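User: Please take a close look at one part of this model, the place where its two domains meet, and tell me what is there.

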Amino acid sequence: MSHLSIPRLLVLIAAVGALLLAPALRTSAASRTRAPAPSVSGTLTVNVGYEPASLDPAVDWDTGGETYIAAVYDTLFRAVGATRVSLKPGLATRWSVSRDGKTYTVTLRSGVHFHDGSTLNAQAVKFSFDRFLKAKQGSYGIFSEIKRVQAVGAHTVKFVLTYPFASFPQTLAMIDGPEIVSPKTVGSHQIASNGASYLDSHDAGTGPYELVSYLHNQRIVLKAFPGYWGGWKGKHFAKVVLQWPASSSTQRLRLQQGTLDGTITMTPEDFAAVSHSSGIQVQTHTAQTIFDVRINTTKHGLNNVHVRRALSYAYDYNGVVQGVFRGLAAKMRGVGPTGLKNFFPASHPYTFDLAKAQAELKAAGSAGKNLTFTVSYLPDDTPSIQAAQIFQADCAKIGIKINLQGIPIATYSNIVTKPSTDPDIWFGQWTMDYADDAEMYWSYFYSKNTPNNGANVMYYKDHVVDELLLKAQHATSEAKAAPYWKAAVNRIYQAAPEIWTVQPREQIALRSNIGGYQYSFLFSKFYWPVYSMYRK
Amino acid sequence: MLAFVIRRLGFLVIVVIGVSMLTFAMSHLVPADPARLLLGKTATPAQITQIRRGLGLDQPVPVQYLIYMDHLLHGDFGQSISSRRPVLSDFLDYFPATVELTLYAMLMALVVGIPLGVLSAVWRGGWLDHFTRVTSLFGVSIPLFWLGLLFQLIFFGWLHILPSDSRLDGNVAAPHHITGMYTVDSLLTANWPALFSSLDHVLLPAATLAFATLATVIRVTRSSMIEALGKDYIRTARAKGVARWRVNVRHALRNALIPTITLVGLQFGNLLGGAFLVEIVFSWPGIGFYSVQAIRNFDYAAIMGITIIVAIAYTVINLVVDLLYAVLDPRITYA
């Protein structure tokens with residue numbers, strides 16, 4: 001074998017080095033120029049937090065995919081509002097419900113076209129729901145009450161349910177699941193059992209934007225769909241780039257430099273820093289996510305209502321709001337978040353009062369003595385960890401010993417399935433999927449909705465509450481359901497199977513020259529309303 | 001030579017079996033249920049049972065291991081819970097980005113490190129020698145993630161000459177996939193916008209990753225050059241009147257490079273480890289970025305697949321380095 005001479009090798013290395021260094025001296029002008037702005041122009045680049053697990057609305061069910069799904073696809077109704085949620089027409093203009101509450105008839109908007117040029121009709125809606133429910137992926141469990149979907153006219157669809165479900169129209173406004181897809185594009189492409197889907201790389205929507213390219217693990221690029229049924233009056237972006245930069249410092253630098261127009265997942269320190277930068281606005285909005293403390297009601301000591309109430313009085317709500325959330329949160333006033341349907345504020349809310357906690361322990365008798373519990377949380381859930389440490393110190397003052405333990409989600413999702421292995425006390429978070437607190441009441445407190453069927457990780461069981469929840473869940477209208485929800489919630493609140501702690505506020509950082517941003521209370525900061533946004 | 005290569009490939013098989021047994025055992029010691037994670041929070045018990053059966057999770061652990069190895073031999077590394085794609089597809093997407101980053105980091109370390117090491121040895125005790133000593137100390141002491149943030153601040157934040165993250169500008173389309181390394185693919189397809197953009201983007205993360213290796217390359221080259229310059233054959237060459245640069249480069253450096261080449265092989269493993277941090281800081285979609293996500297989600301198929309593949313890569317790199325010795329030094333032979 002001939003040997004490469006050393007001088008030649010060095011020259012070669014130097015040449016490659018020069019090639020490497022050359023671009024550093026050249027500013028990428030093309031990436032920083034903006035086209036002049038007629039009404040639909042320019043590019044919006046935003047951080048959506050995380051890469052979506054799938055671009056198929058029937059498969060995806062994560063916050064990272066919300067912006068893409070909502071930009072490319074439409075639902076029959078839309079849930080809008082920054083502080084309270086209201087239902088607005090989407091692809092459907094109105095709905096009616098049968099007397100028995102089991103059949104919903106929906107009238108579709110006319111003149112709507114898919115990105116492939118085909119026209120929206122009742123068959124497309126039936127096709128979309130059949131496909132979604134057959135795949136049994138993503139959020140399909142929320143729609144398990146659907147017995148069948150019928151196209152009864154060109155623009156009329158009937159949803160037949162197995163039982164009355166007053167919140168059904170709210171579920172039709174969810175992002176991820178009930179989006180309408182084009183039968184022409186999807187064709188015979190079925191969703192594989194492992195979730196792999198044709199729509200991961202194709203777009204079959206009616207939304208304002210259509211998919212241009214998806215560079216896996218880097219970005220998604222969208223462009224305005226000229227035939228969008230909502231029209232293009234006013235200012236809009238012609239192109240939208242969705243990214244998910246991991247590092248907070250990178251997000252901050254890019255925002256300051258203007259190569260990122262909006263971001264959501266920076267650290268509180270970086271949000272504070274950019275709030276003083278010129279050309280950047282930081283908005284703060286109350287979120288519907290709640291931080292709650294779930295108590296395993298089957299464990300010794302915790303099966304006593306007085307002990308549970310003592311724990312509710314030993315939680316320093318305001319201390320956590322100020323010390324952990326830096327004031328960016330509010331003490332919860334009831335079982336669920338404010339701002340959604342069926343929220344009922346507690347008449348006598350728990351407060352941080354160690355004297356009352358002591359009194360409750362005394363009322364518990366022998367069950368209130370020599371108590372030791374383990375408080376668990378996700379190892380990367382910093383607010384919960386800090387709140388648990390405050391709770392540990394306060395419980396020590398009333399004679400309850402608390403041990404702290406971080407448990408990864410993979411382990412938690414397994415051990416929670418049995419009351420014997422379910423953690424004593426879990427510091428967690430909950431976000432509503434559709435605009436109704438009732439989703440939480442039903443999933444959390446109906447005794448049969450233990451972790452294999454729902455979210456009752458407290459293993460809370462009260463037959464009176466069960467009856468009330470069943471009546472509410474199967475009511476034929478929201479008005480008829482509300483009194484049952486309220487009665488159930490009042491009883492649950494007194495039983496204290498949870499400590500209802502705080503409802504945080506979320507921060508969003510935007511370039512100041514971006515207009516049209518509207519926070520979505522239901523879909524949180526992860527949803528960017530790209531259609532309404534524009535450059536000033 | 002052939003016998004040596006075959007023997008080393010045999011070791012490779014043993015390494016793969018060892019690593020797979022270890023990672024499999026560790027993955028299954030954790031009380032987590034992959035079926036529940038795969039199906040999500042609305043899964044019914046019947047579905048979980050069905051998936052558990054499909055994945056073979058209802059079998060004893062040794063049987064599960066044999067099933068896994070059987071699938072492995074057929075190129076099936078399992079399915080990622082996070083991406084819902086085969087782990088091998090994910091790997092083929094992410095790994096080229098890491099290889100590209102690592103190669104450029106190594107190239108930078110050699111381009112800068114070898115000349116500096118040689119000059120430090122030739123001018124021992126001079127200002128350049130002192131400068132490289134301080135630089136080396138700085139390089140091995142400084143945490144990579146901090147250096148990355150510093151580079152971002154200087155070159156993106158203040159000077160505005162390099163991008164902060166990712167592999168391409170937002171307005172540049174990715175080159176046609178050939179190797180998955182954007183600089184190579186864009187060069188092969190004559191896609192100049194993608195070439196310049198990808199070079200722009202690789203520079204900062206590669207420079208960050210190169211820094212620790214650069215320090216070691218300088219120190220090792222310097223010491224072996226000093227040793228070589230003291231040998232008899234160098235004195236003889238000088239006595240014969242051979243030009244000084246020729247003595248230094250053709251006679252001394254050639255022998256001094258052997259320890260550096262050894263180092264390059266060993267440092268590849270370190271660079272892969274360092275890439276984990278650098279990829280997070282620069283949102284570089286490589287295998288480190290992917291692995292961190294997999295660990296956070298307890299994506300056990302992804303964790304196991306990546307561990308095994310990286311172990312294979314590491315072993316192959318070491319084999320290649322051993323073979324390079326023979327190329328550089330004809331006195332070395334393998335029986």
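Analyst: Domain bounds here come from an automatic or database domain assignment. For chain A that assignment gives domain 1 (5-243 + 508-535) and domain 2 (290-504). This is a predicted model, in which local features need pLDDT of at least 70 and side-chain atom pairs count only at pLDDT 80 or more, while totals for chains, interfaces and linings use all residues. Residues are numbered from 1 along each chain as its sequence is written, chains are lettered from A in the order in which they are written, and side-chain values use heavy atoms, with hydrogens and water left out.

The centres of domain 1 and domain 2 of chain A, taken over C-alpha atoms, are separated by 34 Å. In contact (heavy atoms within 4.5 Å) are 19 residues of domain 1 and 17 residues of domain 2 of chain A. Between them the two domains of chain A bury about 1,600 Å², with 59% of it on carbon and sulfur atoms; buried area is the accessible area (1.4 Å probe) that two parts lose on being put together, summed over both. Of the area that domain 1 of chain A buries against domain 2, Ala166(A), Gln170(A) and Leu522(A) supply 33%, more than any other three residues.

As for charged pairs, the rule finds 0 salt bridges across this interface, a salt bridge being a side-chain nitrogen of Lys or Arg within 4 Å of a carboxyl oxygen of Asp or Glu. The rule does find 3 residue pairs in polar contact there, both residues at pLDDT 80 or more. A polar contact is a pair of N or O atoms within 3.5 Å; within protein, one must be able to donate a hydrogen and the other to accept it, and residues adjacent in sequence count only if both atoms are side-chain atoms.
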